[in-house]
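Reader: I am new to this structure and would like a close look at a single part of it, the surroundings of the ligand, followed outward into the sheets. Please take it slowly and connect the pieces as you go.

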Amino acid sequence: MLERGEVANSWRRERWDSLRLLTPNWQSRLPGLRYEGPDPDGYMTAGEVTGLIERFATVSRAPVRTGSNVTSVRRTGDGYQVTTGGGEIRCRTVVIASGACNQPAVPPFSDAVPASVEQLTPFGYRSPGQLPDGGVLVVGASATGVQLAAELRQSGRPVILSVGEHVRLPRMYRGRDVLWWMDASGVWDQRYDEVEDLTRARRLPSPQLVGTPERATLDLNALTSMGVELVGRWAAVRDGRALFSGGLRNMFSLADLKMERLLDTFDEWAKTDGYDAEAGPPERFAPTRVPESARLQLDLRSGEIRAVVWATGFRPAYGWLDVPVVDAKGHLNHEGGVVDSPGLYALGLPVLRRRRSTFMCGIEDDAREVIEHLARFLAVRRRS
Ligand SMILES: Cc1cc2nc3c(=O)[nH]c(=O)nc-3n(C[C@H](O)[C@H](O)[C@H](O)COP(=O)(O)OP(=O)(O)OC[C@H]3O[C@@H](n4cnc5c(N)ncnc54)[C@H](O)[C@@H]3O)c2cc1C
């Protein structure tokens, strides 16, 4: 196992200070390593996740070579040639487990933002104190964006949040964590070959959730109540002005509708599985409040905004992969982790084999199935 940094590198280097997992402790498990502490329904800090992964590396005796940056993987006659900072390795098969979130995705028009406005991504952001005094424009309203907008607003700054397509969820539903419902009702077990639009499912933004001791919901209504101003999707920069799309009403209705459909699925499952009496009564939530007049532009040179935080998602990075298996958008071509090149496999990608693949708890089943395929591949090769 080659790791360019240390064990749990992404959790050590690429997370902000206040981050907690959005999956509850009982769900944030690795194969054979479950949470056994006093707070199964709580949410781990990034430091605790690092500890969990370190413990896993120790108990599983994973043969990790830290400080081994892979700079190239090339196909050779019967396998692959892997180049690392420490030398060359030849192997029959390679499993790509380099992560789905190696770099923040920032739109190209960020180049046109005036230099007087500081720009940060979630990889560089640690805490509000690091930003210049004054207003902040947070771009993106998925898990990262809503969490950073709330934290910056609570630090006393004026915050504008630019909202694109998003997934709204309550933290708690009928007395249980909403992710408990995802798990129990089987939504997370839906397989990749049963998902109607797999490409879309794999690109779906993370849900608007935060893991806090209060188990509070952090949707757009909660942010509006804190005094965060909502604007539409940031579409372009022209003459030093940020231009935002209109249509917030439609976008909000769509997110509300999708949330209701999901809650309907949970309610149906509770009824057919006999959980109805045990759970609290079905709940429905107030529609997302639409601002009376959302502004469509903002003068970035006026001083109103001193910093922009791009919470516009993350991308994988495959610059080191010299095998033609990456599409024009930078995503790996694979069928359930079996990459389109003999002996090449992938793990740890969104909806790799099932919806839960996007989360830590998805790795156990995915790894078993992908490694079964890999073992069969080697067995056939050995016989031939
Ligand atoms: C902000 C954020 C919040 C998240 N919250 C949750 C959550 O609440 N619950 C949950 O279950 N999941 C969460 N996830 C998803 C979580 O990251 C994954 O479930 C899990 O960490 C994926 O592990 P991984 O090992 O596949 O990828 P990573 O953790 O990204 O690890 C990949 C490793 O590969 C190394 N690497 C990359 N390229 C090379 C190279 N060329 N050579 C050598 N090494 C290389 C990296 O240094 C890194 O250590 C979150 C993700 C992000 C970004």
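Author: What follows begins at the ligand, moves to the strands, and ends with a pair of aromatic rings.

A word of care comes before the details, for this is a predicted model. Around the ligand there are 22 residues, and those that come nearest are Glu-3, Ser-10, Leu-22, Thr-23 and Met-360. Sorted by class, this shell holds 10 nonpolar, 9 polar and 3 charged residues. As for where the shell residues come from, helix H1, which spans residues 9-13, gives the largest share, namely 3 residues.

Two of the nearest residues can be followed down to single atoms. Glu-3 places a polar side-chain atom 2.6 Å from an oxygen atom of the ligand, while Thr-23 has a polar side-chain atom 2.8 Å from a nitrogen atom of the ligand. With Val-70 it is the backbone that takes part, since a backbone N or O atom of this residue lies 2.9 Å from a nitrogen atom of the ligand. The ligand, taken alone, exposes 990 Å², and the protein buries 84% of that area.

Val-70 also leads from the ligand into a sheet, for strand E1 covers 70-76. This open sheet is made of 3 strands in the order E1-E2-E3, and their pairing is antiparallel. Strand E1 and strand E3 (87-91) are its edge strands, each of which pairs on one side only. On average, and with direction ignored, neighbouring strands of this sheet are turned by 20° against each other.

The links between these strands can be described one after the other. E1 and E2 run antiparallel and are joined by 6 bridges, and the two form a hairpin with 2 residues between them. Across this pairing, Val-73 stands opposite Val-82 in E2. Strand E2, which is made of residues 79-84, pairs with E3 in the antiparallel sense over 5 bridges, and here a hairpin joins E2 to E3 through 2 residues. In this pairing, Gln-81 faces Arg-90 in E3. As a general matter, the strands of a sheet pair through backbone hydrogen bonds, either parallel or antiparallel.

The parallel kind of pairing is found in another open sheet, where 5 strands follow the order E6-E17-E7-E8-E13. Its edges are strand E6 (118-120) and strand E13 (229-231), each pairing on one side only. For this sheet, too, the average turn between neighbouring strands, with direction ignored, is 20°. At one edge, strand E8 (residues 159-162) runs parallel to E13 and is joined to that strand by 3 bridges, with Ile-160 standing opposite Glu-229 in E13.

The last step turns from strand pairing to aromatic rings, of which a search of the whole structure finds 17 pairs. One of them consists of Tyr-173 and Phe-266, whose ring centres are 6.3 Å apart and whose planes stand at 45°, so the pair is tilted. Tyr-173 belongs to strand E10 (residues 172-173) and Phe-266 to helix H7 (residues 248-272), so the two rings tie together parts that are 93 residues apart in sequence.

Conventions: Residues numbered from 1 in each chain as written. Predicted model: local features only at pLDDT ≥ 70, side-chain atom pairs only at ≥ 80, totals over all residues. Heavy atoms only, no water. Near = heavy atom within 4 Å. Polar contact = N/O pair within 3.5 Å; in protein donor to acceptor, adjacent residues only side chain to side chain. Areas by Shrake-Rupley, 256 points an atom, 1.4 Å probe, with all protein chains shown as cover. Helix = DSSP H or I, 4+ residues; strand = E, 2+ residues; numbered from the N terminus. Nonpolar A, V, L, I, M, F, W, Y, C, P; charged D, E, K, R; others polar. Pairing = 2+ DSSP bridges. Axes fitted to C-alpha atoms, helices over the stretch in contact; angles between N-to-C directions. Phe/Tyr/Trp six-rings, centres within 6.5 Å; stacked < 30°, edge-to-face > 60°.
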